[in-house]
Amino acid sequence: MRYRFVVDVGIDPATGRRKQLTRTFATLKEEKAEYARITNRREEGTFVPPNQINVNEWLDQWLAMKAADLEETTIYNYRITLDRVRGRPGRIRLQELTEEDVEGWMHWALKHGRVRGGAAGTPLGVTSVEMSLARLKDALNRAVTRRLVTMNVAQHVTIPRRARKEERKKKQEVKPWNVQEIQKLIHGVRTERLYAALLLSLMGLRPAEVCGLRWEDVDLEAATITIANTRTMMGTGARCPQVVQGSPSQGEACPR
């Protein structure tokens with residue numbers, strides 16, 4: 001003999017119909033215990049209905065929601081950052097994701113997580129892992145408010161102090177150029193087509209600001225330029241990359 005119950009667990013926002021949960025158990029004791037747990041959480045407003053969505057699917061939904069509030073270049077950076085997470089924990093069901101899964105990904109990424117900008121399979125920088133972890137935490141926090149999960153399992157996962165110390169030991173100190181070295185560069189590129197752009201970069205302008213300069217922003221008589229426009233490239237593939245026009249207020253998305 002098997003025991004089964006059907007309980008209302010809310011309203012489907014897409015259809016407006018009642019959502020019902022059916023559970024079956026081998027014993028009456030198990031059936032009663034689960035029915036009491038579900039009804040109590042439902043009354044408290046903390047019950048989360050089961051769903052089959054995995055981590056990757058939720059990240060896609062979260063990015064789509066964020067796209068309404070953020071600049072296109074910022075969303076692009078978010079997507080690149082979260083791509084580091086998708087391979088390992090991404091296929092796990094959202095409700096089955098554990099803190100151990102997130103920690104396992106973090107330790108793997110610190111040792112073998114690099115997929116671009118260097119040899120694949122080599123350690124990913126602490127800052128890069130930390131950024132991916134932060135975006136994952138943001139996405140999971142939203143999943144909690146959407147009642148897709150009961151808690152953010154990544155909330156207390158942090159980069160180990162030992163990993164930070166080891167990276168600082170290995171990191172080579174890069175000294176800024178001195179006056180003589182800068183003068184040598186200026187003299188060497190004086191006849192190059194991009195001489196003006198390189199010179200402006202040495203004056204403190206960001207690449208996005210240099211690329212966004214127009215003749216109307218340049219006053220030769222007053223010897224001044226106005227930073228009123230930026231250009232940011234998204235993507236580095238073989239196809240023509242997308243170029244996004246912006247303003248200096250969009251500095252968050254403009255690479256330095």
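A residue is called buried when its relative accessible area is under 20%, exposed when that value is over 50%, and partly exposed in between. Asp138, at 30% relative accessibility, therefore counts as partly exposed. The structure to which this residue belongs is a predicted model, and the following paragraphs lead from the chain as a whole to individual residues and then back to Asp138 and its partner.

The protein chain has 256 residues, of which buried residues make up 32%, and its secondary structure comprises 9 helices and 6 strands. The accessible surface of the chain comes to about 17,600 Å², and 51% of that surface belongs to carbon and sulfur atoms. Among the contacts in the chain with a separation of 6 or more, 48% are accounted for by residues 24 or more positions apart.

Glu99 offers an example of parts of the chain meeting across the sequence. Glu99 lies in helix H4, which covers residues 99-112, and its C-alpha atom is separated by 4.9 Å from that of Val153, although the two residues are 54 residues apart along the chain. When neighbours within four places in sequence are left aside, Glu99 is in contact with Val153, and also with His156 and Val157. Glu99 has a relative accessible area of 30%, so this residue is partly exposed.

Salt bridges provide another way to follow the structure, and the count of them comes to 8. In one of these, the side chains of Arg86 and Asp60 meet with a distance of 2.8 Å from N to O. This pair links distant parts of the chain, since Arg86 is in helix H3 while Asp60 is in helix H2 (residues 55-66), 26 residues apart. The two partners also fall into separate accessibility classes: Arg86 counts as buried because its relative accessibility is 15%, whereas Asp60, with a relative accessible area of 46%, is partly exposed.

A further salt bridge joins Asp138 to Arg135, whose side chains meet at 2.9 Å from N to O. Here both residues lie in helix H5 (residues 126-145), and they are 3 residues apart, about one turn of the helix. Asp138 was introduced above as partly exposed, but Arg135 has a relative accessibility of 18% and therefore counts as buried. Arg206 and Glu209 form a salt bridge too, their closest N and O atoms being 2.9 Å apart, and in this pair Arg206 and Glu209 are both buried. Salt bridges that share partners also create a network, in which Asp60, Asp83 and Arg86 are joined.

Arg135 appears again in the surroundings of Thr81, a residue of helix H3, which spans residues 72-86. Apart from residues up to four places away in sequence, Thr81 touches Met131, Ser132 and Arg135. Thr81 counts as buried because its relative accessibility is 6%.

The last stop is on the surface, where Arg161, Lys165, Arg168 and Lys169 form a positive patch. One of these residues, Arg168, lies in helix H6, which runs over residues 161-170. With a relative accessibility of 56%, Arg168 is above the cut-off of 50% and so counts as exposed.

Note on methods:
Residues numbered from 1 in each chain as written. Predicted model: local features only at pLDDT ≥ 70, side-chain atom pairs only at ≥ 80, totals over all residues. Heavy atoms only, no water. Patch = residues over 30% accessible without salt bridge, like charges linked within 9 Å, V, L, I, M, F, W, Y side chains within 5 Å. Areas by Shrake-Rupley, 256 points an atom, 1.4 Å probe, with all protein chains shown as cover. Salt bridge = Lys/Arg side-chain N within 4 Å of Asp/Glu carboxyl O. Lys, Arg positive; Asp, Glu negative; His and termini not counted. Charge placed at Lys NZ, Arg CZ, Asp CG, Glu CD. Helix = DSSP H or I, 4+ residues; strand = E, 2+ residues; numbered from the N terminus. Buried < 20%, exposed > 50% of the residue type's maximum accessible area, 1.4 Å probe, protein only. Contact = heavy atoms within 4.5 Å.
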